[in-house]
Amino acid sequence: MRKLIVANWKMNPGSIKEAEAIFNGLSIEAKEAKNMDIVICPPFPFLSISSKIKIKNVIKGAQNIFYETIGAYTGQVSPKMISSLGAKYVILGHSESRLFGDTNEIINKKILASIKSKISPILCIGENIRDTHGEYLSFIKNQIHECLISVSKTQIKNIVIAYEPIWAIGDKALRYATVDEFIEIRIFIKRTIADIYGIKVANEINIIYGGSVHKENARTFVIDGEAGGLLVGRDSLIPKKFGAILAAIK
Ligand code: PGA
């Protein structure tokens, strides 16, 4: 399977000019990574961005959407709107969006709405802390079950699952996740998916890793941990650093 590398810019950078420079820089780096798909997820105002350098494996994505299509929803953006700007993916359930009100129930509605508009959801799941009683496993299982309510066996094929342990995200991360911690959860996610959709679907679902991905650990997650790809935050804003991640897993 082609690896999926997602660049999550979060609420960066501060202007369209800077966004264009980063987008061009990432496109240049992506040119060398033909066996991967690079999904660049800028903030909404920069979604119409395109690079002078047209690279086939560079795809656009958004960082969230609302579940309605059109109407009186001040401040919201629909899957149809991002689709009309060329987006093919959307990050849903990111821990930072959950902080501002996205519950499993809302995320579920957003997943169903995205699929209807032919936008592939990248569903983020992950625990706040790794307790010693293994409660994080039931937490993750519950996230999967609740976010996937009414998602059919055919629809699930459009979804990518990103395991993002909250404690390993951002510059305030407690520590880095180990590859063994990722493998444990990758297997656990597959088992949970198998319970709902059967073994075949579980074997096919793409599970990627996110949380302080850098050039030093990218290869371990993808090669040793068999991650289907990576979700990169900070290092996706610096083309050279992003390029080094792509080079490490090539
Ligand atoms: P980070 O962010 O790579 O800066 O840790 C990852 C994420 O939150 O998606």
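A residue is called exposed when its relative accessible area is over 50%, and buried when that area is under 20%. Keep those two cut-offs in mind, and remember that the model on your screen is predicted.

**Stop 1: two loops with positive phi**

Select Lys118 to begin. You will find Lys118 in the loop between α4 (104-116) and β5. With a relative accessible area of 72%, Lys118 is exposed, because that value is over 50%. Now look at the backbone: phi of Lys118 is near 60°, a positive value in a residue that is not glycine.

Next, select Ser150, in the loop between α5 (135-147) and β6 (160-163). Ser150 also has a positive phi without being a glycine, here of about 65°. Is Ser150 buried or exposed? Its relative accessibility is 60%, so Ser150 counts as exposed.

**Stop 2: a cis peptide bond**

Move to Pro13, in the loop between β1 (3-8) and α1. Show the backbone from Asn12 to Pro13 and look along the peptide bond: it is cis, with omega near -10°.

**Stop 3: a buried serine**

Select Ser236, which sits in the loop between β8 (229-232) and α9 (239-249). Ser236 counts as buried, because its relative accessibility is 0%. Which residues surround it? Apart from neighbours within four places in sequence, Ser236 is in contact with Ala7, Asn8, Trp9, Ile22, Leu26 and Phe242. Turn on the side chain as well: a polar atom of the Ser236 side chain lies 3.3 Å from the backbone oxygen of Val232.

**Stop 4: Glu29 in the helix α1**

Go to helix α1 (residues 16-30) and pick out Glu29. Setting aside residues up to four places away in sequence, Glu29 touches Pro239, Lys240, Gly243 and Leu246. For a longer view, add Val160 to the selection. Glu29 and Val160 are 131 residues apart along the chain, and their C-alpha atoms are separated by 23 Å.

**Stop 5: helix α6 and its neighbours**

Now colour helix α6 (residues 179-197), and select Thr192 within it. Thr192 is buried, with a relative accessible area of 2%. Its contacts, not counting residues up to four places away in sequence, are Lys141, Ile144 and His145.

Stay in α6 and select Phe188. Phe188 counts as buried too, at 12% relative accessibility. What does Phe188 touch, leaving out residues up to four places away in sequence? The contacts are Leu137, Ile140 and Lys141. Draw a distance from Phe188 to Leu137: the two are 51 residues apart in sequence, yet 7.8 Å apart in space, C-alpha to C-alpha.

**Stop 6: the cysteines**

Show the cysteine sulfur atoms. How many disulfides does the structure hold? There are zero. Cys41 is in no disulfide, and the nearest cysteine sulfur, in Cys124, is 9.4 Å away. Cys41 is buried, with a relative accessible area of 0%.

Select Cys147 next. Why is there no bond here? The closest cysteine sulfur, again that of Cys124, is 10 Å from the sulfur of Cys147, which is too far for a bond. Cys147 is buried, also with a relative accessible area of 0%.

**Stop 7: a cavity**

Keep Cys124 in view, for it is one of the residues that line the largest cavity. A search of the whole structure finds one cavity of 30 Å³ or more. The volume of the largest cavity is about 50 Å³. To see its walls, select Gly93, His94, Ser95, Arg98, Cys124, Ile125, Gly126, Gln143, Glu164, Ile166 and Ile169. Two elements, α3 (95-99) and β5 (120-125), each supply at least two residues of this lining. Coloured by class, the lining shows four nonpolar, five polar and two charged residues.

**Stop 8: the largest pocket**

Finish at the largest pocket, which holds about 430 Å³ of space. Its lining has 14 residues; select Lys10, Met11, Gln63, Asn64 and Ser97, which lie nearest the centre. How do the lining residues divide by class? Six are nonpolar, five are polar and three are charged.

Terms used. Residues numbered from 1 in each chain as written. Predicted model: local features only at pLDDT ≥ 70, side-chain atom pairs only at ≥ 80, totals over all residues. Heavy atoms only, no water. 1 Å grid on protein atoms, 1.4 Å probe; cavity = no way out; pocket = protein on both sides within 12 Å on 5 of 7 lines; lining within 4 Å. Points joined across faces, edges and corners; volume = space filled by probe spheres on them. Helix = DSSP H or I, 4+ residues; strand = E, 2+ residues; numbered from the N terminus. Nonpolar A, V, L, I, M, F, W, Y, C, P; charged D, E, K, R; others polar. Contact = heavy atoms within 4.5 Å. Disulfide = S-S within 2.5 Å. Buried < 20%, exposed > 50% of the residue type's maximum accessible area, 1.4 Å probe, protein only. Polar contact = N/O pair within 3.5 Å; in protein donor to acceptor, adjacent residues only side chain to side chain.
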